[in-house]
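Biologist: Please take me through this model feature by feature, with the criterion for each before the case.

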Amino acid sequence: GYDAALARATIDDPDLLEPLDKILSEVLRLGSRARASLIHLRGGMPRSEYRLRQRHPLDRLVAICVEPYRGVAQSRNINIQVDASVHRLPHLSFDWDMMRLALMNLIDNAVKYSHFNRTIRIFGEVKGDMLALSVEDYGLGIPREDYERIFEPYVRGSRRDPRRFIWGSGLGLAVARDVVETHGGAIVVSSVPTAKTPLTDEAHRWENYVTTFTIRLPLRQEE
């Protein structure tokens with residue numbers, strides 16, 4: 001896969017490293033979007049095809065998912081911060097490729113909708129028999145009435161950034177939810193204003209929100 005290719009690649013010319021890194025990052029991002037579309041077109045992927053027996057380190061998964069987005073995030077002065085709590089999460093049984101697809105879709109969403117000069121934070125915790133992994137960004141708010149709709153195929157949030165066009169197929173969140181639910185988990189979203197008194201002007205009222213998508217997974221997978 002791409003991970004093995006990147007690990008084996010050795011480039012002697014330092015002038016080639018930066019452009020090559022940008023190309024590979026773009027390939028990974030576009031590959032994630034293309035795979036989401038293919039999975040949706042085939043009606044999802046049955047649980048019987050998931051590889052759930054092997055346990056994986058979540059901090060490694062997060063690092064691999066974040067890396068392709070650092071360049072595009074830096075171009076808008078966005079910092080992607082992986083909280084120390086992620087490194088304390090236990091190893092978990094999940095299908096590596098499918099969970100990577102789900103998490104990359106959440107990070108892709110955060111980078112697209114975050115405002116310039118902000119921080120995207122990824123953090124985790126364990127509560128009882130469930131693990132939570134969250135991706136938090138500061139940008140456009142999501143109205144409460146859209147919380148469920150945005151997980152439907154080809155549906156995007158009703159709020160638009162008046163200053164720039166944000167591309168999206170409306171499939172990323174739908175596929176991410178399907179993947180997580182196939183693992184026996186769930187994805188939840190919250191979006192709250194950063195100020196105690198949000199702007200009431202319709203053109204700006206949804207601008208300064210902290211939006212958090214959280215993947216919740218059972219610590220033990222059922223056979």
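**Reading the contacts**

Modeller: A search of the whole structure gives 10 salt bridges. The term means a side-chain nitrogen of Lys or Arg within 4 Å of a carboxyl oxygen of Asp or Glu. This is a predicted model, in which local features need pLDDT of at least 70 and side-chain atom pairs count only at pLDDT 80 or more, while totals for chains, interfaces and linings use all residues. Residues are numbered from 1 along each chain as its sequence is written, and side-chain values use heavy atoms, with hydrogens and water left out.

Biologist: Before the individual pairs, how many helices and strands does the chain have?

Modeller: Helices (H or I, at least four residues) and strands (E, at least two) are DSSP runs, numbered from the N terminus. The chain has six helices and seven strands. Read from the N terminus, the order of elements is α-α-β-α-β-α-β-α-β-β-α-β-β.

Biologist: And what share of the residues is buried?

Modeller: Buried stands for under 20% relative accessible area, exposed for over 50%, and partly exposed for what is in between (1.4 Å probe, protein chains only). Of the 223 residues in the chain, 44% are buried. For contacts, the criterion is heavy atoms within 4.5 Å. Among contacts with a separation of 6 or more, 76% are between residues 24 or more positions apart.

Biologist: Back to the salt bridges. Which side chain does arginine 51 meet?

Modeller: Arginine 51 is bridged to aspartate 95, at 3.8 Å from N to O. The two are 44 residues apart: arginine 51 is in the loop between helix 2 (14-41) and strand 1 (55-56), and aspartate 95 is in the loop between strand 3 (92-93) and helix 5. Arginine 51 is exposed at 54% relative accessible area, whereas aspartate 95 is buried at 2%.

Biologist: Which residues make up the network around that pair?

Modeller: Salt bridges link Arg51, Asp95, Asp97 and Arg100 into a network.

Biologist: Where do arginine 70 and glutamate 67 lie?

Modeller: Both are in helix 3, three residues apart, which is about one turn of the helix. The closest N and O atoms of this salt bridge are 3.7 Å apart. Arginine 70 is partly exposed, at 27% relative accessibility, and glutamate 67 is partly exposed at 43%.

Biologist: What is the closest N and O distance between arginine 177 and glutamate 148?

Modeller: That salt bridge has its closest N and O atoms 3.5 Å apart. Arginine 177 is in helix 6 (residues 172-182) and glutamate 148 in the loop between strand 5 (130-139) and helix 6, so the bridge ties together parts 29 residues apart in sequence. Arginine 177 is partly exposed at 22%; glutamate 148 is exposed at 55%.

Biologist: Next, aromatic rings. How many pairs does the structure hold?

Modeller: Rings of Phe, Tyr and Trp (its six-membered ring) pair if their centres lie within 6.5 Å; planes under 30 degrees apart are stacked, over 60 edge-to-face, and the rest tilted. The structure holds two such pairs. The pair of phenylalanine 94 and tryptophan 96 is stacked, because the ring planes are at 15 degrees, with centres 6.3 Å apart. Phenylalanine 94 is buried at 0% relative accessible area, and tryptophan 96 is buried at 17%. Phenylalanine 151 and phenylalanine 213 have ring centres 6.1 Å apart and planes at 75 degrees, so that pair is edge-to-face. Phenylalanine 151 is in the loop between strand 5 and helix 6, and phenylalanine 213 is in strand 7 (residues 209-218), 62 residues away in sequence. Phenylalanine 151 and phenylalanine 213 are both buried.

Biologist: How far apart are phenylalanine 94 and threonine 182 in space?

Modeller: Their C-alpha atoms are 10.0 Å apart, with their positions 88 residues apart in sequence. Threonine 182 is in helix 6 and is buried at 14% relative accessibility.

Biologist: Last, helix packing. At what angle do helix 3 and helix 5 cross?

Modeller: Axes are lines fitted to C-alpha atoms, for helices over the stretch in contact, and angles run from 0 to 180 degrees between N-to-C directions. The axes of helix 3 (residues 58-74) and helix 5 (residues 96-113) cross at roughly 35 degrees and come within 9 Å. Residues in the contact include Leu61, Ile64, Cys65 and Tyr69 of helix 3 and Trp96, Leu103, Met104 and Ile107 of helix 5. The contact residues divide into 15 nonpolar, no polar and three charged. In this count Ala, Val, Leu, Ile, Met, Phe, Trp, Tyr, Cys and Pro are nonpolar, Asp, Glu, Lys and Arg charged, and the others, Gly among them, polar.
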